[in-house]
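Colleague: Could you walk me through this one before I go back to the bench? I would love to hear how the parts fit together.

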Amino acid sequence: MIYLKNQHILFVFCILLGLCIAPAAAADAATIIEGQLGVTDVSIDPGVFMYGDSGTVKITVTNTGTTPVAISRAKLTSSELAVFGDENYGSVGSIGPGNSLQFTFTIRATTADGIYYPLFYLDLRDASSLRYRVPVKVESTGLSVSVTGRPDAFTSGKKESVTIMVGNPRENAVNGVVITPAANGFETTESSHFIGALKPDEAADATFSVTPYAETPMEFIIHYRNGMNTHEVSAAVPVTFGIDRKQAETVFNNILVAREGDHYIITGDITNAGLADAKSVVVTTGALATPVDPYRSYVIGALEPDDFSGFEATFSVETGTKEIALITNYKDKDGNLYSDQISVPLFFTALPDGNSSGADEGMPIVYIVIFIICAAVVAGVIYYSWKKK
Amino acid sequence: MNITDLLFRPAVFFSGRLEGDKPGLKMPIAIVLLYGIVGAVSAVYVSSVTMAMMPSEIASMGTILLGIGAVVAFIGALLIWFIVAAVFHGVSALRGGKGDFQRTLAVAGYGSLPMVFGTIISSIIVYFYLSGITVSPVSDPMQINVVLTELMSSPSMVMAGIIPLVFVIWSANIWVFGMQEARGLSTKDALITVGIPVLIYCLITLFSQIG
């Protein structure tokens, strides 16, 4: 009886021992298999996500053992990031010894800036699993844009140069950087400027030839790609029309108006008192004066700074005109047209009235008749006086 | 005094009129004063046009300047009378003329009557011309002379200066007969006495008007 009892105890002990040994043996096998697999490479594109960006996480697993390892499934999980692509790895197969297998997942960063650690989970068919946390950075700082070149003042219709500098303050490179001017109140010679890739802490600039027509800010939009995601940032250049301190400036001196027949002639000197060349300088008369031949306009040509030239222009005016406008038209090196004008008082104010100007031309004939009559009378009187002597 | 004889038959007019060394000067003075008044009126009108060109600060003195213009024109007529008489008297003395200066003064005064007509006609021409122009103030006083020069060089103003010369010749005709009587000159000497100064005056006036 005692023997049987001992046999039972021994049997139960064996069973219990078997129950204990079996898992232990299985655990040892799993440890061996896990030791054969390892995450040998992680590639994240883009390197740093911006808010709303989608990208890929590529995880390479290598079997460094001598026996194949069967993999049931692989997945990437995160409570903060949206992960797609798990379904592609529902049944993976096995990795032969010395082989690698790459798992690619799509993630979308819809969280605040920070570093997140989605979990890569590899379920092994014959044993346990492989876990690996992948650090993913989310940082939404965009490109830095600054205006590094602009004129002192804009002039409506005058072509100027504006330089835009784009810098990359991000940890990762961006590519496809394109600066595009928005057509809001100005024209540009360049429709866009392609910069391309910008490495971290790298900057590039682009110069645009702009012609403003309104005092609205010039907007430049910078498009770029962070991985496969398109982003944009804009920069505005305030436009306030004013006088360019370096532009040409015409000054009249020694102005003299004289009457010449039925018209007037105005002469004088014109000096370029500015700091830039004045090209295609033309002097003519404006309001209240009507340019007439032979010098409707007087073409001077180019005037360098501090250079001067004489001019003369002919015009006619209506009766009673007290002053006229003297106009200078000139261009800068880009062909922008400028116009200056001053008022010139008419000192020669004894002007025939419109209704009597014609009479004034005819009056000498009347006077000649009067003269002849007077002369005839006097001659007759003298003749008579000598005859009656 | 028979004005008709003075104008048309001066030989008849002066015959026996210049009695003695001191003939009466009432009528010559009256004629010269009339000549001065007509000249003064014309001068005032021309001056008023000139004043319109003046800057406002000067134009406020307009009344005074107009008065000065009238007085100068009036006194100028008297001065011209004396100068003409003096010239005739001097030239006639060279030609052997004899007689008191007052006799020459009387002849010069009588002979000025046609010049009154010439001045009146000239003033009418000036009036019509200046009425037909618009005058604005000249901001630069230095330009007034230039403006006046242009104003005076107009055909109308030139004619207004030339036509009186015709009447000066009429006056010269009277002076010739008068000087014969006043200074006892022959016709030839009287023509030389009057003709040379008048010719010089006419040429100067013509060149100044045309030139």
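Modeller: Happy to; this is a predicted model, and we can take the cores, a surface patch and some strands in turn.

Colleague: Which helix gives the largest share of the largest nonpolar core?

Modeller: The largest nonpolar core has 57 residues. Those with the most contacts inside it include B:L6, B:F14, B:L130 and B:W175. With 16 residues, the largest share of this core comes from residues 155–183 of chain B, helix α9.

Colleague: Which residues does B:V194 contact, leaving aside its neighbours within four places in sequence?

Modeller: B:V194 is one of the residues with the most contacts inside the largest core. Once its neighbours within four places in sequence are set aside, B:V194 is in contact with B:F88, B:A172, B:W175, B:V176 and B:M179.

Colleague: How many residues does the other core have?

Modeller: That core lies apart from the one we just discussed. Among its residues are A:L37, A:V57, A:Y89 and A:V138. The number you want is 24 residues.

Colleague: Is B:V71 buried, partly exposed or exposed?

Modeller: B:V71 lies in helix α5 (residues 62–94) of chain B. Together with B:I75, B:L79, B:I83 and B:V87, B:V71 forms a nonpolar patch on the surface, with about 420 Å² of accessible area together. Buried means under 20% relative accessible area and exposed means over 50%. B:V71 has 46%, so the residue is partly exposed.

Colleague: Why is strand β21 of chain A described as largely enclosed by the rest of the structure?

Modeller: Strand β20 (residues 250–260) of chain A pairs with β21(A) in the antiparallel sense over 9 bridges, and A:A258 stands opposite A:I265 in β21(A). Strand β25 (residues 308–317) of chain A also runs antiparallel to β21(A), joined by 8 bridges, with A:T271 opposite A:F308. The description itself rests on burial: β21(A) is largely enclosed because 7 of its 10 residues are buried.

Colleague: How many of the residues of strand β3 of chain A are buried?

Modeller: Strand β3 spans residues 54–63 of chain A and is mostly covered. The count of buried residues is 8 of 10.

Colleague: Which residue stands opposite A:G55 in β7(A)?

Modeller: β3(A) pairs in the antiparallel sense with strand β1 (residues 37–45) of chain A over 8 bridges, where A:G38 stands opposite A:T62. β3(A) also pairs in the antiparallel sense with strand β7 (residues 100–108) of chain A, over 9 bridges. In β7(A), the residue opposite A:G55 is A:I107.

Notes: Residues numbered from 1 in each chain as written. Chains lettered and ligands numbered in written order. Predicted model: local features only at pLDDT ≥ 70, side-chain atom pairs only at ≥ 80, totals over all residues. Heavy atoms only, no water. Core = buried A, V, L, I, M, F, W, Y, C linked by side-chain atoms within 4.5 Å. Buried < 20%, exposed > 50% of the residue type's maximum accessible area, 1.4 Å probe, protein only. Helix = DSSP H or I, 4+ residues; strand = E, 2+ residues; numbered from the N terminus. Contact = heavy atoms within 4.5 Å. Patch = residues over 30% accessible without salt bridge, like charges linked within 9 Å, V, L, I, M, F, W, Y side chains within 5 Å. Areas by Shrake-Rupley, 256 points an atom, 1.4 Å probe, with all protein chains shown as cover. Salt bridge = Lys/Arg side-chain N within 4 Å of Asp/Glu carboxyl O. Pairing = 2+ DSSP bridges.
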